[in-house]
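Work through the exercises below with the sequence and the structure at hand. Try each task before reading its solution.

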Amino acid sequence: MKTAETGRIAMSTMLRSCFLSLLVTTLVVGCATPPKPRELDALEELRADPGLSAARKRAPDLCKKADKALAAATDKWQSNDLGESVNHALLGQIFYRHALALADQDKSNARIAEAEDALAVIEEEQKAVQKDLDDEKEKIGLLNKAAQQSEEMKSLAAQMAADKKANEEKLAQEKLRADTGDRIADAELALKTADTVDAEKYAPELYKSASQILAKAQAEFQAGQMEQAQASAGIAKKTAQDAAAAAKPSYERDAAAEAIRKKADAFHADALRLPGVNVRRDIKGSLQRVVISVPATLLFIKRQTVIGAGKDMVLNPIGELLKKPEYASFPVQVIGHTDSRGRASSNLALSAARAQTVYNALVTRGVEARRMMTNGQGGADPIADGRTAAGRAANHRVEIVVLYQ
Amino acid sequence: MTRYATIFLFLAFLAVPLAARAGEADDLQRQIDYLKQTTNDLERQDDQKTVNTDITFMRSWLDNAWTLRSQEKYEEVRIVLDRCNAQANMVRQRLVAAKLAAQVVAKENEVKRARSQLARTKKALEKAKLEKARLEGKV
C-alpha cells in the first residue's frame, strides 16, 4: 500500500516536473528567438543562388557588403531587433541582386559577343555559299541560254532540213516536169523529123499512132501525171522514129525523083532558050528525056560528016548548058538520024559518024566524055514525012538527048 | 546688459539645434523627391516591366520614408533612403541586364535566322548544282 502510494506520488511528481520542464522550455524558446523575418529567409535563399559565385567574382565588394548585411540581419534577428534585421536583410538582398545583375550583364555581354562571333562566321560562310550559289545560277543561266540556243538551232536545222527536203522535192518535181517536157519535146522533134520525110504520107499508121500517143503524153503532162507522160512520150518518140525510118526510103526516093524532075524541068526551060534547035520532052518507059534536036543543015554541008566551017557555033550554047554543074549528073546520048532514002547501012554509018562528030565537038567544049555516048540510027526514027523534001530535011538531024528518071 | 546677452545666448543656444533639424528635414525632403523622380525615370525605362516589383517596393519605401520624416524620425529616414539609393542603383543595373538579355535574345535569334538562311542557301546551292548537272547533260 505504501509502495503504491509512493509510486503514485512519484508518478505525479514526474508528470508535474515534465509539465514544468515543457512550460519552461516553451517560455525560454519563445522569449529567446523571434520568428525569422521573411526578408532574412529571402536573403538566405538568395545567398544560396548558384549564380552568386559568378556574382562574387564580378562584384566582390557588393557581395561582401551583402554578406555583412546578412550577418547583421541574422545578428539583429537573434537580438530580437526585427526592424533592423529586416532592414539589413533588404539591403543584403539589394546588394546580392545588384551583384547578380552585374554578373548577368557580363553573361549577356559574353553571349552577345559569342553570338556576334557566330554571326560573323555564319555571315562569312553565307557570303561564300551565296557567291557559289550566284556562280551556279549564272552558269545555269548560261546553260539555259545555251540550251535555248541549242533548241533554236535544232529547230532551225529541222526547219532548214524541211525546207531543203521541200526544195529537193520541188526541184525533183521540176526536174521531173522538165525531163518530161524534154521527152515530150524529143517526141515532138521525132514527129517533126518524121514530118521531114513526110511520114504522114509514107507511114501513115505509125505516124498517126505516134501523133496520138504524143497527144496523150501532152495531156498527161498537163494533168501533172509526169511518169505516165514520160512513158507515153518515150513510146511516141519511138513510134515517130519508126515512122520516120519507115517513111524515109520512100520519101528519099520520091524526093530524089522530084529533084531530078525539077532539074529536068529547069534543063528543059534552059534548053528551050537555045537558038536554032528543037527541044521536046518525051517518055520512054521509066525513063524521061529532054531531046535537043539540031537539024543537020545547021551543022553539016550535004552528006558530010564533019561540021561545016562556021557552023559549030550552034554547039557552043549546048555545050555551056550541058556543062552547068546542076545538070552535070545527067547522062547524055548523042544520036545521029538521017532520012530513009538510000541504003540503010549507009544512012546508019552517016548518022553514027555525025553523032561522033558532035560528041567530039561537045567534048572539045568541055562536056565530060564519060557522061556521053553516041549512037547512029540512020533513018529508023524519022520525025517528019520522008516523002517531002522538008520532011526529009527535018529527019536529017543530030539529037542530044538528056536522060533522067 | 550682461543679463540680456545671457538671455540672447541662451535663446541662440536653443535655436541652433532647431534650425539644424529644420535643415535636415528639408534635405531629406529633397532626397525623397529626388528618389521619387528617379523612381519615375526608372519606371519609364522599364519597357519590359522586369523591375516592376522592385519599383513598387521602392515606392512603398519612399512613402514610408515620407511618413518617418513627418514623424521626424530622421535617422530612420536616412536608413530607408540609403536603401532606396541602393535599390535604385540595383534597378539600374537590372535594367541594363534586362536590355542586354533582350539584346542576347535578339542576337541569338539573328544567329538562328542566319543559320536558317545559310541552310536554305546551302540547299539552294545543292539544288542549283543538280540543275546545272542536268543542264550540262542536256547541253
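The exercises that follow deal with a predicted model.

**Exercise 1. The two chains**

Task: State how many helices and strands chain A has and how many chain B has, then describe burial and surface for each chain.

Solution. Step 1: count the elements. Chain A contains 12 helices and five strands. Chain B has three helices and zero strands, and its elements run α-α-α from the N terminus on.

Step 2: look at burial. A residue counts as buried when its relative accessible area is under 20%. By this cut-off, 34% of the 405 residues of chain A are buried. For chain B, the share is 31% of 139 residues.

Step 3: look at the surface. Chain A has an accessible surface of about 23,700 Å², with 57% of that belonging to carbon and sulfur atoms. For chain B the accessible surface is about 8,900 Å², and carbon and sulfur atoms hold 57% of it.

Step 4: look at contacts between residues at least 6 apart in sequence. In chain A, 70% of these contacts join residues at least 24 apart. In chain B, too, the figure is 70%.

**Exercise 2. A pair of helices**

Task: Describe how helix 2 and helix 4 of chain A pack, and say which residues meet.

Solution. Step 1: find the elements. Helix 2 of chain A covers residues 38–47, and helix 4 of chain A covers residues 60–78.

Step 2: give the geometry. The axes of the two helices are 11 Å apart, and the packing angle is about 145°. The crossing of helix 2 of chain A with helix 4 of chain A is left-handed.

Step 3: list the residues. Helix 2 of chain A contributes A:Leu40, A:Leu43, A:Glu44 and A:Arg47. From helix 4 of chain A come A:Asp67, A:Leu70, A:Ala73, A:Thr74 and A:Trp77.

Step 4: sort them by type. This contact between helix 2 and helix 4 of chain A involves five nonpolar residues, one polar residue and three charged residues.

**Exercise 3. The sheet**

Task: Give the strand order of the sheet in chain A and name its edge strands.

Solution. Step 1: write the order. The sheet is open, has five strands in the order 1-2-5-3-4, and shows mixed pairing.

Step 2: read off the edges. Strand 1 (278–284) and strand 4 (372–376) of chain A are the edge strands, each pairing on one side only. From one strand to the next, the twist averages 25°.

Step 3: add the helix on the sheet. Helix 11 (residues 344–364) of chain A packs on the sheet and touches strand 3 (332–337), strand 4 and strand 5 (397–404) of chain A. The direction of helix 11 makes about 160° with that of strand 4 of chain A.

Step 4: compare two strand pairs. Strands of a sheet pair through backbone hydrogen bonds, either parallel or antiparallel. Strand 1 and strand 2 (residues 287–295) of chain A run antiparallel and are joined by seven bridges. One bridge in this pair links A:Asp282 with A:Arg289 of strand 2. Strand 3 and strand 4 of chain A run parallel and are joined by five bridges. Here A:Val332 has A:Met372 of strand 4 as its bridge partner.

**Exercise 4. Strand 3**

Task: Why is strand 3 of chain A described as largely enclosed?

Solution. Step 1: recall the rule for side chains. In a regular strand they alternate between the two faces of the sheet.

Step 2: check each face. A:Val332, A:Val334 and A:Gly336 lie on one side of strand 3 of chain A, and A:Gln333, A:Ile335 and A:His337 lie on the other; all are buried.

Step 3: conclude. Six of the six residues of strand 3 of chain A are buried, so the strand is largely enclosed by the rest of the structure.

**Exercise 5. Three loop residues**

Task: Place A:Asn80, A:Lys302 and A:Gln377 in their loops, and classify each as buried, partly exposed or exposed.

Solution. Step 1: take A:Asn80. This residue sits in the loop between helix 4 and helix 5 (82–196) of chain A. A:Asn80 is not a glycine, yet has a positive phi of about 70°. Its relative accessible area is 39%, so A:Asn80 is partly exposed.

Step 2: take A:Lys302. The loop between helix 9 (296–299) and helix 10 (315–323) of chain A holds this residue. A:Lys302 also has a positive phi, about 50°, although it is not a glycine. With 77% relative accessibility, A:Lys302 counts as exposed.

Step 3: take A:Gln377. This residue is in the loop between strand 4 and helix 12 (389–395) of chain A. A:Gln377 is partly exposed, at a relative accessible area of 26%. Its contacts include A:Ile335, A:Gly336 and A:His337.

Key:
Residues are numbered from 1 along each chain as its sequence is written. Chains are lettered from A and ligands numbered from 1 in the order in which they are written. This is a predicted model: local features need pLDDT of at least 70, side-chain atom pairs count only at pLDDT 80 or more; totals for chains, interfaces and linings use all residues. Side-chain values use heavy atoms; hydrogens and water are left out. Helices (H or I, at least four residues) and strands (E, at least two) are DSSP runs, numbered from the N terminus. Buried means under 20% relative accessible area, exposed over 50%, partly exposed in between (1.4 Å probe, protein chains only). Contact means heavy atoms within 4.5 Å. Accessible areas come from the Shrake-Rupley method with a 1.4 Å probe; for residues, only the protein chains shown count as cover. Axes are lines fitted to C-alpha atoms, for helices over the stretch in contact, and angles run from 0 to 180 degrees between N-to-C directions. A crossing is left-handed if the near helix is turned anticlockwise from the far one by less than a right angle, and right-handed if clockwise. Ala, Val, Leu, Ile, Met, Phe, Trp, Tyr, Cys and Pro count as nonpolar, Asp, Glu, Lys and Arg as charged, and the others, Gly among them, as polar. Two strands pair if DSSP finds at least two bridges between them. Lists of a residue's contacts leave out its neighbours within four places in sequence.
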